[in-house]
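Colleague: I would like to learn how to read a protein model feature by feature, beginning with the overall plan and ending with single residues. Could you take me through one?

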Amino acid sequence: MPQVVVPVRYPLSENSRATLSAAVDVAEEEDADLTVLHVNLYQGGHNVSRAQLKSAVEREFGHLPRTRYVVRSGMLVEETILDEVAAQDADVVVIGDKQVSRWRSMIRRLVDDPDIERYLRDELDCDVVTVSPNSQPSRYSPSSRSSDD
């Protein structure tokens, strides 16, 4: 069964709502299961429960069939997200455009090339959909690139 993972903030921001809306659309188009992920930062001091996350999402979007709600704790949001994407063996990750720059910074610390799409393709082999609240989502698919890139 295809798997879509979407990390969101809690409470849901405008960007998180737009990202989640795009993820719901992708999951429906792909006939995929959806994982809604929130990361509690160890240093943040505020722990969101799975029930709170589910309630907030369902207030905005209604009941979403075939959806899991996951709350993880971590020191770095981006690293925790990547761990969950790998654990879920996700086919598609839907991220907000604001997350892309933070992911690039984290990946720059890990490798010389801060190309988030290439990193996810090489490390996780999944599609990446980037969402901006004011424009159409853009999709990067590893299978659409040639092998000599």
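**Reading the model step by step**

Modeller: Let us begin at one pair of strands, where β5 and β6 run in the antiparallel sense and are held together over 3 bridges. Please keep in mind throughout that this is a predicted model.

Colleague: What joins β5 to β6?

Modeller: The connection is a hairpin of 6 residues. To see one contact point between the two strands, look at V128, whose bridge partner in β6 is Y140.

Colleague: In which sense do β4 and β5 pair, parallel or antiparallel?

Modeller: That pairing is parallel and has 5 bridges, and within it V92 has D127 of β5 as its bridge partner. β5 therefore has a parallel pairing with β4, while its pairing with β6 is antiparallel.

Colleague: How many residues of β5 are buried?

Modeller: A residue is called buried when its relative accessible area is under 20%, and in β5 this holds for 5 of its 5 residues. The side chains of D127, V129 and V131 point one way, those of V128 and T130 point the other way, and all of them are buried.

Colleague: How accessible is S138 in strand β6?

Modeller: S138 counts as partly exposed because its relative accessible area is 41%. When residues up to four places away in sequence are left aside, S138 touches V128, V129 and T130. The C-alpha atoms of S138 and D97 are 9.8 Å apart in space, although 41 residues separate the two in sequence.

Colleague: Now that we have looked at some strands, how many helices and strands does the chain have?

Modeller: There are 5 helices and 6 strands, and reading along the sequence gives the pattern β-α-β-α-β-α-β-α-α-β-β. Of the 149 residues in the chain, 44% are buried. Among contacts with a separation of 6 or more, 67% are between residues 24 or more positions apart.

Colleague: How should I read a helix, and what span should α1 have?

Modeller: A general idea helps with the directions of side chains: an α-helix has 3.6 residues a turn, so residues three or four places apart point the same way. For the length, helix α1 covers residues 14-30, and its 17 residues at 1.5 Å a residue should span 24 Å, which agrees with the 24 Å between its end C-alpha atoms.

Colleague: Which residues of α1 are buried, and what covers them?

Modeller: The buried residues are S16, T19, L20, A22, A23, V24, V26 and A27. Their cover includes the strands β1, β2, β4, β5 and β6, together with the helix α2.

Colleague: Can we apply the reading of length to α3 as well?

Modeller: We can, since the 12 residues of α3 should span 16 Å at 1.5 Å a residue, and its end C-alpha atoms are 16 Å apart, which agrees. The buried residues in α3 are E78, T80, I81, L82, E84, V85 and Q88.

Colleague: What value does phi take just after α1, and what value just after α3?

Modeller: Just after α1, D31 has a positive phi of about 50 degrees, and just after α3, D89 has a positive phi of about 50 degrees. In both cases the positive value belongs to a residue other than glycine. D31 is in the loop between α1 and β2 and is partly exposed, with a relative accessible area of 48%. D89 is in the loop between α3 and β4, and its relative accessibility of 58% places D89 among exposed residues, because the cut-off for exposed is over 50%.

Colleague: Which residues are joined by a cis peptide bond?

Modeller: The cis bond joins Y10 and P11, with omega at about -5 degrees, and P11 is found in the loop between β1 and α1.

Colleague: To finish at the surface, which residues make a nonpolar patch?

Modeller: Y42, M75 and L76 make a nonpolar surface patch of about 340 Å². One of these residues, M75, is in the loop between β3 and α3 and is exposed, with a relative accessible area of 53%. For the chain as a whole, the accessible surface comes to about 8000 Å², and 44% of that surface belongs to carbon and sulfur atoms.

Terms used
Residues numbered from 1 in each chain as written. Predicted model: local features only at pLDDT ≥ 70, side-chain atom pairs only at ≥ 80, totals over all residues. Heavy atoms only, no water. Patch = residues over 30% accessible without salt bridge, like charges linked within 9 Å, V, L, I, M, F, W, Y side chains within 5 Å. Areas by Shrake-Rupley, 256 points an atom, 1.4 Å probe, with all protein chains shown as cover. Salt bridge = Lys/Arg side-chain N within 4 Å of Asp/Glu carboxyl O. Helix = DSSP H or I, 4+ residues; strand = E, 2+ residues; numbered from the N terminus. Buried < 20%, exposed > 50% of the residue type's maximum accessible area, 1.4 Å probe, protein only. Expected span 1.5 Å × (residues − 1). Contact = heavy atoms within 4.5 Å. Pairing = 2+ DSSP bridges.
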